[in-house]
Amino acid sequence: MHGVSALTTTTALTAVLVLVASWLLIGALGLVQSNRIGWVARTLFPLGALIALGVAGLGVVSLTTGFAAQTGVLAFGLPDMPFHVRLDALSGFFLLLLGSAGAGISIFAAGYFREGEGTAPGLLCLQYHVFLASMALVVLADDAYLFMVAWETMALSSYFLVTTQHRIPEIQRAGFLYLLMAHVGALALLLCFGVLHGGSWLMTFDSMRAATLSPAWAAAAFLLALFGFGAKAGLVPLHVWLPEAHPAAPSPVSAMMSGLMLKVAVYGMLRISFDLLHAGPWWWGMLTLAVGLGTALFGAVFAAVQTDMKRLLAYSSIENIGLIFAALGLALLCYAFDMRLLAALALAAALLHALNHALFKSLLFLATGSVLHATHERSLGKLGGLIRRMPWVATLALVGTLSLAGLPPLNGFVSEWLLLQAFLSTPSIPHAFTNMIVPLGAAVVALTAALAGYVMVKFYGVIFLGQPREPSLMQAHDAGWLERVGLAWLALGCILIGVFPQAALDAIAGVTQTLLGTTIQRGPTPWWIAPVAQAQASYNGLWLLLGMAGVIAMMFVLVRRMYHGRVRRVPPWNCGYPELTPRMQDTAEGFGQPIRHMFGPFFRIEREVPSPDDQAPRYRIQIDDRFWHGLYLPLARIVGWLADALSMLQRGRLAIYLLYSFLTLIVLLVFVL
Amino acid sequence: MMPPLNLVTQLLHVLAAGLLMISFSMLAQRRTRRLIVLLAWQGVVLTASTLLVAVTAHLQHLYYSAALTLIEKVWLMPWILLRLMRRLGIESDSDPLVNIPTLMLVGLGLVIFAFGLAQPISSLATTVTRQTLGIAMAVILLAFLMMIARHKAVTQVIGFLAMENGLFFAATSTTYGMPMVVELGIALDLLVGVFIFGIFFFQIREQFDSLDLHQLEALKED
């Protein structure tokens, strides 16, 4: 214990910075022998995973009670504008998230990356670790300058990772769209920081905390932050890049982007809205809540109709980010009415869900990576029955699937339960209409959670259950041991948080204490939580687990001992058809059809149905996003038109170009005169 | 009424007027060889005026500055340009884009503009040379005009160098010159610039078989 306290007082921040620097070093070492897969993948990536564990550990240290924020000044940056860093509870929590999920992804990546897939392995290693390090730096930054540098490094390194297979035109397009949206978002953030300094022109977060902004400017800063971080997190209608870019990347990168990078955007939103702007009027929370709920529902509905397994997960990420932002909005709303406990509950739900999503979404993306390597198929229509060929991946993916579906005793349930608890207390908000409308959000959350369950049944059922839809699937092989370790690490995280939720909530208590000045109630034991009052609502993960295990064990024993006890493998009942082929199974399209029908107005559907007497019947359906056609394409047309108008200036004659500068000079001189 | 001027000031005004004259004749000159000679003459006038200021104001660094001008602008640059011209085989420039009388009229307008511009600034300056700022600015603008009106790449470079002469003159006339470090830096920059231009000339000629800048229009994207 003495060692830990010594660490907290002097060196936690230094240690984190050393670890981040060694990530960069590992990346650079990748270039030494950039084509030797043994060196890059089997040596450097596991080292990176170890460092990630260290980062997570230091994050935990900074979350312990009594840890005061540590600040430091780095010897880098511009003259008179050095980089400031700071480690407090909020950054500590996100370091924990980054490190714990990052460790699993890195171990998996060690077994995943092969030779001859686009970018050379060494270069990939560099981009990968720069990406990790830049995310850690965003979280540690204590001035707008370092924040933006790290933020843009994060965007650029992830762009290069997305376009690993840069020869495929679709991936080029996805990468470009991602880069474009990242830049639009970064511009908004730059403007936001321009507002936040409040006339002092100092870029440190300390001076921004101290700045007093008029309500209008504070609102402008908040809206810019919501836009900028929303573009990175994938809030509707800024989400269009996400379902394109996440599937285009190699699976470990998809996992990092979905699991980690989106959370960095959540971090930024928390840092600016709570820490720098000290929260604001109630409509900030209302707006964030509305956008978050809309995003959640949108993501869930679109995930239900996807036929590509990685696109499905990407839409599911949109849904989860929506839930996190809804919880964040609720926290802002309650804080504005000075309902501290309720705000702390909503914030805890947001943070816990961010951590959970980092774990289970990474797990699922990595599992799709294993499936992809084993079968070379991404389309759900060509998978199936893999539970027999890939038992390890199937079992571990099941944990992630159940977590995402929000089933107890796993972690997804805990955070959604907390969010619903927070919503159920909202009728006590002292504001007319708000206290009537906000509780309806609980219904949207419940609907979203139900749809997420539906999506996960589809995801797991179509990939792993049933019969293989293609003969080539019979050759599928299970994942290697490194991949299994990575998956198992993440699955273990899902189970542990689900069973011992109080441990995670204890970590979060440090954050709510710093941001809101209060924490939720502590449960009586590590596995028993009661956030508001034990009499009102409580959840006991361990008992639930034991109960479920007991029921399963009892059923097993009953079937084996009391019933006939023989296991028979026979063909299923086939309704009297002469034969059953794998193509007669329910397909991804078929499974999603009810949702497509119910939520018809959400989609832009192009469908080709064959006529009854068609000799070679073909059924084709394309489901598009209305935002793309209704918002982005018109916007792109306007930009193109403006660019055409401006290109009139380009005449190709040197004399005219010189004339431009001459006239500019004269006009400026007249201006001086 | 203007106060009576002393001899030095009068001499300076004569030199400044000479500089302006040379600028106008450059604007009207079609032959490249004559342009280079005029550029060298501009250098001579600049050297003389810098020396004059150095003597009257007793400023050590202006002597070095004058020597530097003499070497670089009177001897080195014209020599490089003449060699380039001979190697590239350019003797005459074609007609300017605008005919010469119109160009002269535009130039007159520019001079008036420059004087109007310089008046409030030069009343603030305390140096003996403050009256000449207007001329310095006129030289800059006229050189710019020459760059706009010419076809050939070599004349563009000459216009560019003439502009720098104007800037140098503006600096000596308002503040007794720039610090030595800056001046050395600019001298080096110019030299490097001329070398790079020289390389470009050969590249342009190789690509388009001509040094006429019309050819560059083909580079425009549609």
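Let's start with a charge sitting on a ring: in chain B, B:K73 lies over the face of B:F168, 4.4 Å from the ring centre. Chain A has a case too, with A:K232 over the face of A:W151 at 5.5 Å from the ring centre. Keep in mind that this is a predicted model.

**Aromatic pairs**

Across all chains, the count of aromatic pairs comes to 35. Take A:F45 and A:Y128 as one of them: the ring centres are 4.8 Å apart and the planes meet at 70 degrees, so this pair is edge-to-face, the cut-off being over 60 degrees. The partners sit 83 residues apart, with A:F45 in helix α2 (residues 37-63) and A:Y128 in helix α4 (residues 121-140) of chain A, so to speak of distant parts of the chain is fair. Relative accessibility is 1% for A:F45, which counts as buried, and 0% for A:Y128, also buried. These two rings also belong to one aromatic cluster, made up of A:F45, A:F108, A:Y112, A:F113 and A:Y128.

Over in chain B, B:F160 and B:F197 have ring centres 5.9 Å apart and planes at 75 degrees, so they are edge-to-face as well. B:F160 belongs to helix α6 (residues 153-175) and B:F197 to helix α7 (residues 180-208) of chain B, so the pair ties together parts 37 residues apart in sequence. Here both rings get some solvent: B:F160 counts as partly exposed at 36% relative accessibility, and B:F197 does too at 28%.

Here are the two pairs side by side:

| Pair | Centre distance | Plane angle |
|---|---|---|
| A:F45 and A:Y128 | 4.8 Å | 70 degrees |
| B:F160 and B:F197 | 5.9 Å | 75 degrees |

**The largest pocket**

Now for the pocket. The largest one has a volume of about 1400 Å³. It is lined by 44 residues, and the closest to its centre are A:E170, A:E244, A:D308, A:R311 and A:R378. Several chain A elements give two or more residues to the lining, including α6 (169-196), α12 (309-336), α13 (340-375) and α22 (626-646). The biggest contributor is β6(A), with six residues.

What is the make-up of the lining in nonpolar, polar and charged residues? The split is 18 nonpolar, 12 polar and 14 charged.

And where does the pocket lie relative to domain 1 and domain 2 of chain A? Domain 1 (1-211) and domain 2 (600-610 + 618-672) both give residues to the lining, so the pocket lies between them.

Methods
Residues are numbered from 1 along each chain as its sequence is written. Chains are lettered from A and ligands numbered from 1 in the order in which they are written. This is a predicted model: local features need pLDDT of at least 70, side-chain atom pairs count only at pLDDT 80 or more; totals for chains, interfaces and linings use all residues. Side-chain values use heavy atoms; hydrogens and water are left out. On a 1 Å grid over the protein atoms alone, a cavity is a set of points where a 1.4 Å probe fits but cannot get out, and a pocket is an open set with protein on both sides within 12 Å along at least five of seven lines; lining residues have an atom within 4 Å of a point. Grid points are joined across faces, edges and corners, and a volume is the space filled by probe spheres set on the points. Helices (H or I, at least four residues) and strands (E, at least two) are DSSP runs, numbered from the N terminus. Ala, Val, Leu, Ile, Met, Phe, Trp, Tyr, Cys and Pro count as nonpolar, Asp, Glu, Lys and Arg as charged, and the others, Gly among them, as polar. Domain bounds come from an automatic or database domain assignment. Rings of Phe, Tyr and Trp (its six-membered ring) pair if their centres lie within 6.5 Å; planes under 30 degrees apart count as stacked, over 60 as edge-to-face and the rest as tilted. Buried means under 20% relative accessible area, exposed over 50%, partly exposed in between (1.4 Å probe, protein chains only). A charge sits over a ring if NZ of Lys or CZ of Arg is within 6 Å of the ring centre and within 35 degrees of the ring normal.
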